[in-house]
Amino acid sequence: MSDAVLADNGIGATFASDASVLSGSLVVGETANKGTPYPWDASAGRVGVDGRSLPRPWERDFPIRGFEFYDGRVGTESTTFANYAPNALREASGLGCLLADAFGLHPRNYAAGARFVDAKRVYMPDPVPGKDGDASAVFVDTDGSVTGTPKAVVAANKPFLADPTCLGRSDALRGDWNGTCARRPTTRA
C-alpha cells in the first residue's frame, strides 16, 4: 500500500500476508476531529479523555497503533506517524505488534525511513501467556530511523530475546517502550 493517508483508527495498518509494505504514507493517531460519540457510549463513559469518540468504545484502554507488525514478512518504508500520544486511558505508538498474537512474527519484519511527529515511536504489548507471537515479537530497524542504530532489532521484553548488547529504549517525550530492547547487530567471525 503506498501513498495512503490513514487517520483516527485503532490500528492504522495491519497486513496478515507475506511481503506486504506500507510505503510513503501518512498515518495519524488522533486528528482534531473528535467525532460524535453515540449517546449510549457517552452516558456509559465510553469516550476518550477529551470526549472524543473511540475506535473501540467498549475497550477504552485499547492501545492505538499506526503500523502493527504481524504475520508474514511485512514492513513500513518512508512513512510518517503523527499524533500517537499516550494518555491516562491508553497507550499509543506509531509502531507496535498485534495484541495476544498466537502466531510467531517473522524475524525480518522491518521499518525503514520512519518519521515521527508528536508520536511515541514504539510500544510493545505485554505478552499474553501461551501466545507465541507475543513471545517472539521483533522487527528490524534497517536504517536507524526508529532506534538511532541501523540494523538494530527491537524486541519484546522476553529473556530469551535479550543478549548483553540489549539497551532499554524509551522516547524522551513519550516514555517507555514497555521493556523492549534495541539490539545491536552482532558481528560473527
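In what order do the three strands of the open sheet lie, and is their pairing parallel or antiparallel? The order is 2-5-8, and the pairing is parallel. This is a predicted model. Its chain has 189 residues, 44% of which count as buried, and the secondary structure consists of two helices and 14 strands.

**Chain as a whole**
- Among contacts with a separation of 6 or more, 67% are made by residues 24 or more positions apart.
- The chain has an accessible surface of about 9,200 Å². Carbon and sulfur atoms contribute 53% of that surface.

**The open sheet**
- Strand 2 (11-14) and strand 8 (92-97) are the edge strands, each pairing on one side only.
- From one strand to the next, the twist averages 15°.
- Three bridges join strand 2 to strand 5 (residues 64-69) in the parallel sense.
- Opposite A13 stands F67, a residue of strand 5.

**Nonpolar cores**
- In soluble globular proteins, nonpolar side chains tend to be buried together.
- The largest nonpolar core contains 28 residues. F67, F69, F81, L95, V122, F139 and V146 have the most contacts inside this core.
- Two or more residues of this core come from each of strand 5, strand 7 (80-84), strand 8 and strand 10 (115-119).
- Leaving aside residues up to four places away in sequence, L95 touches F67, F69, T76, F81, A111, F116, R121, V122, Y123, F139 and V146.
- A second core, separate from the largest one, has six residues, among them Y110, A112, V138 and A155.

**Salt bridges**
- Side chains of opposite charge can pair when their charged atoms come close.
- The whole structure holds nine salt bridges.
- K34 and D50 form one of these, with their closest N and O atoms 3.9 Å apart. K34 lies in the loop between strand 4 (26-28) and helix 1 (39-43), and D50 lies in the loop between helix 1 and strand 5, so this pair ties together parts that are 16 residues apart in sequence.
- Both partners count as partly exposed: K34 has a relative accessibility of 37%, and D50 has one of 36%.
- K34 and D50 also belong to a network of salt bridges that links them with D8, E30, R52 and R90.
- R46 and D41 meet through their side chains in a salt bridge with an N to O distance of 2.9 Å. R46 is partly exposed, at 29% relative accessibility, whereas D41 is buried, at 9%.
- E68 and R65 form another salt bridge between their side chains, at 2.4 Å from N to O. E68 has a relative accessible area of 1% and is therefore buried, the limit being under 20%. R65 is buried as well, with a relative accessible area of 3%.

**Points to locate in the structure**
- Strand 5 takes part in the open sheet and also gives two or more residues to the largest nonpolar core.
- F67 stands opposite A13, is among the residues with the most contacts inside the largest core, and is touched by L95.
- Strand 8 is an edge strand of the sheet and, like strand 5, is one of the elements that give two or more residues to the largest core.

Definitions and conventions. Residues are numbered from 1 along each chain as its sequence is written. This is a predicted model: local features need pLDDT of at least 70, side-chain atom pairs count only at pLDDT 80 or more; totals for chains, interfaces and linings use all residues. Side-chain values use heavy atoms; hydrogens and water are left out. Helices (H or I, at least four residues) and strands (E, at least two) are DSSP runs, numbered from the N terminus. Buried means under 20% relative accessible area, exposed over 50%, partly exposed in between (1.4 Å probe, protein chains only). Contact means heavy atoms within 4.5 Å. Accessible areas come from the Shrake-Rupley method with a 1.4 Å probe; for residues, only the protein chains shown count as cover. Two strands pair if DSSP finds at least two bridges between them. Axes are lines fitted to C-alpha atoms, for helices over the stretch in contact, and angles run from 0 to 180 degrees between N-to-C directions. A salt bridge is a side-chain nitrogen of Lys or Arg within 4 Å of a carboxyl oxygen of Asp or Glu. A nonpolar core is a set of buried Ala, Val, Leu, Ile, Met, Phe, Trp, Tyr and Cys residues joined through side-chain atoms within 4.5 Å.
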